[in-house]
Amino acid sequence: MMSNFVYRCNCGKFKAKLTGLPVNSNVCHCHSCVAAGRYVDEKFGSKNTSVLRNGGAYITTFTAANVEFEQPDFTDAEQHVDLLGWLKLGQNGDPFRAYTKCC
């Protein structure tokens, strides 16, 4: 079954199309996932919190082959550097977490 999802940041500068079903989708309570959510919330004043009321962080994972950047028009990989941030917690932090830096 093929599904399509659209990820759009709050301000609309970034948009990605996610196809297929997620590899993983869950609420994680580990230190790494919750700390990553809190970091993004605190640093960027997120209006939509990354950490849920029960203390976990909602995580959805897609394979890179199922992610298509739609906005801005990414014709080369360097263009997304200004809008996407990557976060790794600790030496063994895995996986990297991506977030939009614009909002």
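In which strand does Thr100 lie? Thr100 belongs to strand β7, residues 97-100.

The structure is a predicted model, in which local features need pLDDT of at least 70 and side-chain atom pairs count only at pLDDT 80 or more, while totals for chains, interfaces and linings use all residues. Residues are numbered from 1 along each chain as its sequence is written, and side-chain values use heavy atoms, with hydrogens and water left out.

**Overall architecture**

The protein has one helix and seven strands. Helices (H or I, at least four residues) and strands (E, at least two) are DSSP runs, numbered from the N terminus. Read from the N terminus, the order of elements is β-β-β-α-β-β-β-β. Of the 103 residues, 28% are buried. Buried stands for under 20% relative accessible area, exposed for over 50%, and partly exposed for the range in between (1.4 Å probe, protein chains only). The exposed area of the protein is about 7,100 Å², and carbon and sulfur atoms supply 52% of that area. Accessible areas come from the Shrake-Rupley method with a 1.4 Å probe, and for residues only the protein chains shown count as cover. Among contacts with a separation of 6 or more, 54% join residues 24 or more positions apart; a contact means heavy atoms within 4.5 Å.

**The β1-β2 hairpin**

Strand β1 (residues 4-8) pairs with strand β2 (residues 15-19) in the antiparallel sense, over five bridges. Two strands pair if DSSP finds at least two bridges between them. Across this pairing, Asn4 stands opposite Thr19 and Val6 stands opposite Lys17. Six residues separate the two strands of the hairpin, and Gly12 has a positive phi near 90 degrees.

**Cysteines**

A disulfide is a covalent bond between the sulfur atoms of two cysteines. The criterion applied here is a pair of cysteine sulfur atoms within 2.5 Å. By this rule there are zero disulfides. Cys30 is in no disulfide, since its nearest cysteine sulfur, in Cys28, is 3.5 Å away. For Cys33, the closest cysteine sulfur is also in Cys28, at 3.6 Å, and is therefore too far for a bond. Cys30 counts as partly exposed because its relative accessibility is 34%. Cys33, by contrast, is buried, with a relative accessible area of 10%.

Cys28 lies in strand β3, residues 24-28, and is buried at 17% relative accessibility. Leaving aside neighbours within four places in sequence, Cys28 is in contact with Cys33, Val34, Gly56, Ala57 and Ile59. The C-alpha atoms of Cys28 and Tyr58 are 6.4 Å from each other, with their positions 30 residues apart along the chain.

**Further buried residues**

The table gives relative accessible areas for three residues outside the cysteine group.

| Residue | Location | Relative accessible area |
|---|---|---|
| Thr100 | strand β7 (residues 97-100) | 8% |
| Phe62 | loop between β4 and β5 (67-71) | 16% |
| Ala36 | helix α1 (residues 31-44) | 5% |

Why does Thr100 count as buried? Its relative accessibility is 8%, and the cut-off for buried is under 20%. Apart from neighbours within four places in sequence, Thr100 is in contact with Tyr7, Cys9, Phe14, Leu83 and Leu84.

With the same exclusion of sequence neighbours within four places, Phe62 is in contact with Phe5, Leu18, Thr19, Gly20, Leu21, Pro22, Val23 and Val67. Phe62 and Thr19 are 43 residues apart in sequence, and their C-alpha atoms are 8.3 Å apart. For Ala36 and Ala57, the sequence distance is 21 residues and the C-alpha distance is 8.7 Å.

**Surface patch**

Val27, Leu52 and Tyr58 form a nonpolar patch on the surface, with a joint accessible area of about 260 Å². Patches are made of residues with over 30% relative accessible area and no salt bridge; like charges are joined within 9 Å, and nonpolar side chains (Val, Leu, Ile, Met, Phe, Trp, Tyr) within 5 Å. A salt bridge is a side-chain nitrogen of Lys or Arg within 4 Å of a carboxyl oxygen of Asp or Glu. Tyr58, one of the patch residues, is part of strand β4 (residues 57-61).
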